[in-house]
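Me: I am new to this structure and would love a close look at one small part of it. Could you begin with a single residue and then widen the view step by step?

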Amino acid sequence: MTDALLSVRGLTKRFGGLVAVDGLDFDLFPGEILGVIGPNGAGKTTTFNVIAGRIEATAGAISLAGEAILGLPPHAIAARGLMRTFQHNMPFAGMSVLDNVLVGAHTRMQAPLWQLIGAVAGARAEERKARAEAERMLDFVGLAGLAATAVTSLSFGQGRLLEIARALAGQPRVILFDEPAAGLTPVEMGRLAEIIRGISGRGISVLLIEHDMKFLLPLAERVVVLNFGRKIADGVPGAITRDPAVIEAYLGEAGGAVPKGARC
Amino acid sequence: MSAPARSSATLLAWAAGAAALVAIAFMVDGYTADLYRKLLLITSLALAFNFLFGVAGQVAFSQVAFYGVGAYSITILWAVYHWPFPLALIATVVVCTLVALAVAIPTNRLEGFYLALATLAFAQFFVVLLLQGGSFTGGPDGLSGFKSPEIFGLKLAGRNYIFVLIALFLATLAVLRNLDNSYFGRACRAIRDNPEAAAAMGVNVARTRIIVFTLTSTLSALAGVCYAFADNYVNPNVFNLNDMFILFFMVIIGGSGRHAGAIIGATVLFLLPEVLGDVIGRRHLLIYGLFVVLAILFWPQGLVGVFDAMRARLLPRRAGG
């Protein structure tokens, strides 16, 4: 097996007396789609926020491509190739669709400030290249033709796709999706699954929190199940749904498989 | 439009704008020349403030104070200590940058109301410093009667000085426009709209905030340097909070976040008391206040937004546009 791209070891987060994440270990391999599931309060979002640098961990270690990233600020983690989408869309409301995507490319822009002030040829060429790439990202997620539109006039589903294009513009090694299917129509969900497969096909690793099992199970190559901040299962989707610990966590008692399409 | 065609069109627009500004310089005289000089100064200041407030979203009350830091620094170094002008100018820029950094670094985590309070405190502190500065600042009377600098034997006064102010205005506009059209400008707008998402996209929020505050404050200080030789007179009244509120009005009424908005807002509000002087006397602040309320209620994009809407209605839609 190849080396893990993102590796989480002994991750613990306490909020006062509450242990939100408790000694969590898992690996994400290059190009893999890894789902993270668990009942409400299992610590999924906390885990995500710690990985992305939004909140500090109490203990543990996280490495990205062999480099320790725990404790770095969010912008430094993004610069090392880890981008994310938000559970509630977080667009830059005063900007166009294309400019939103271009913010995602921020860490790849090299021209120093004085070159920007002077609008020298090198800086302008870099800007043109970034624009062309951002247009391609919009194309990839299916928002082609909306580049100049104000972001406030997008539908909710289009806003979700914009979040993905924005994260992709950073040419990340890993993308964290925080409940990407929440609030989408079944048609939009199908399109989203295709896009996520396409991202993984480009060699980008995908870490996915999702409540909707019907969406997640066919998509994820491997699933980590959390309950009360601990990992209770880690395996292929088929094995996870038959795991007694998982069934107990979801249904409160052993017996019977997780019903297909159950929202957990 | 292809990239080379667009850049030559841009160049043409700049040349036409510069020619128009120079032409006005030859049409004004006496009182109108003084008005024109002040208009170029206040418009440069409004452009810098628009970038800080409208583009980067920092509600800062320190812009006029930095205008004063620039004006007083150059006056003290050049007119009181008789430093050679180039050296005095460089030292002024360094001093203003350091003062701006000293304000920006401790306040960079503050947002909205709290940043407003901190910068308000700095602005008030600066005015008190001017009033209590004794012979160093001239106290309430300020410093006056000093001579203008010369370059290559050319005295920078009268019409010559208008050309300096046109250069200041165009340079301020060029610097801010170029920045606005780059990743730096986008990062500033992203922080204004959603600092958390900006950080997740790799924008160093603290660093960007400090840079934009320091840069726009130093640009204001450069306008202040130019102000010092417009009247060869600096005094604390010019740099008080009254003018800071007018600067806010100019940017909001003109159209916050847009360079054209800052220029239109500054021009309209600066010339309004002159035009309406006979009707409203010196009660123009009352009219400004009314304008701000109207702008917030009916023209959230300011006068520039109103012009955009009119143009869209009057002009037939361009093919492919």
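Reply: Happy to. Let's begin with A:Phe228, which counts as partly exposed because 15 C-beta neighbours lie inside 10 Å; a residue needs 20 or more such neighbours to be called buried, and 12 or fewer to be called exposed. Please keep in mind that this is a predicted model. A:Phe228 sits in the loop between strand E9 (222-227) and strand E10 (230-235) of chain A. The backbone here deserves a glance too: A:Phe228 is not a glycine, yet its phi is positive, about 50 degrees.

Chain A offers another residue to set beside this one. A:Ala119 lies in the loop between H4 and H5 of chain A, and its phi is near 45 degrees, again a positive value in a residue other than glycine. A:Ala119 has 19 C-beta neighbours inside 10 Å, so it counts as partly exposed.

A positive phi also turns up in a hairpin of chain A. E4(A) and E5(A) form this hairpin, with two residues between them, and A:Ala65 in the turn has a positive phi of about 50 degrees. Strand E5 covers residues 67-68 of chain A, and two bridges join E4(A) to it, with the two strands running antiparallel. If you would like to find the pairing in the picture, look for A:Ser63, whose bridge partner in E5(A) is A:Ala68.

From the hairpin we can step out to the sheet around it. Four strands make up an open sheet in the order E2-E1-E4-E5 (chain A), with antiparallel pairing. Its edge strands are strand E2 (18-28) and E5 of chain A, each of which pairs on one side only. Further in, strand E1 (residues 6-15) of chain A runs antiparallel to strand E4 (residues 59-64) of chain A, and five bridges join the two. One place to spot this pairing is A:Thr12, which stands opposite A:Ala59 in E4(A).

Now for chain A as a whole. Its secondary structure comes to ten helices and ten strands. The radius of gyration of chain A is 19 Å, close to the 18 Å that the globule rule gives for 264 residues, so chain A is as compact as a globular protein of that length. Along its principal axes, the C-alpha trace of chain A spans about 65 × 40 × 40 Å. Of the 264 residues of chain A, 42% count as buried. Among contacts in chain A with a separation of 6 or more, 67% are between residues 24 or more positions apart.

Chain A also has a neighbour. In all, 28 residues of chain A are in contact with 24 residues of chain B. On the chain A side, the elements that give two or more residues are helix H2 (74-79), helix H3 (97-104), helix H4 (113-117) and helix H5 (121-141) of chain A. By class, this side of chain A has 17 nonpolar, six polar and five charged residues. You met H4 and H5 of chain A a moment ago: A:Ala119 lies in the loop between them.

Across that contact, chain B has parts of its own. The domain assignment gives domain 1 (31-239) and domain 2 (243-321) of chain B, and 23 Å separate the centres of the two, taken over C-alpha atoms. Their contact takes 19 residues from domain 1 of chain B and 16 residues from domain 2 of chain B. On the domain 1 side, helix H2 (30-55), H3 and helix H6 (158-180) of chain B each supply at least two residues. H2(B) gives the largest share of that side, twelve residues.

One of those helices makes a good next stop. Helix H3 (residues 63-80) of chain B has 18 residues and reaches 25 Å from its first C-alpha to its last, close to the 26 Å expected at 1.5 Å a residue. H3(B) is mostly covered, with 17 of its 18 residues buried. After H3(B) comes B:His82, whose phi is positive, near 55 degrees.

Let's finish, as we began, with a single residue. B:Leu303 is found in helix H14 (residues 302-314) of chain B. B:Leu303 has 20 other C-beta atoms within 10 Å and is therefore buried. Leaving out residues up to four places away in sequence, B:Leu303 touches several others, including B:Ile253, B:Ile264 and B:Val268. Another of the residues touched by B:Leu303 is B:Gly265; these two are 38 residues apart in sequence and 7.3 Å apart in space, C-alpha to C-alpha.

Technical notes: Residues are numbered from 1 along each chain as its sequence is written. Chains are lettered from A and ligands numbered from 1 in the order in which they are written. This is a predicted model: local features need pLDDT of at least 70, side-chain atom pairs count only at pLDDT 80 or more; totals for chains, interfaces and linings use all residues. Two residues are in contact if their C-beta atoms, placed from the backbone, lie within 7 Å. Ala, Val, Leu, Ile, Met, Phe, Trp, Tyr, Cys and Pro count as nonpolar, Asp, Glu, Lys and Arg as charged, and the others, Gly among them, as polar. The expected span of a helix is 1.5 Å times one less than its number of residues. The radius of gyration is taken over C-alpha atoms; the globule rule is 2.2 Å times the number of residues to the power 0.38. Domain bounds come from an automatic or database domain assignment. Two strands pair if DSSP finds at least two bridges between them.
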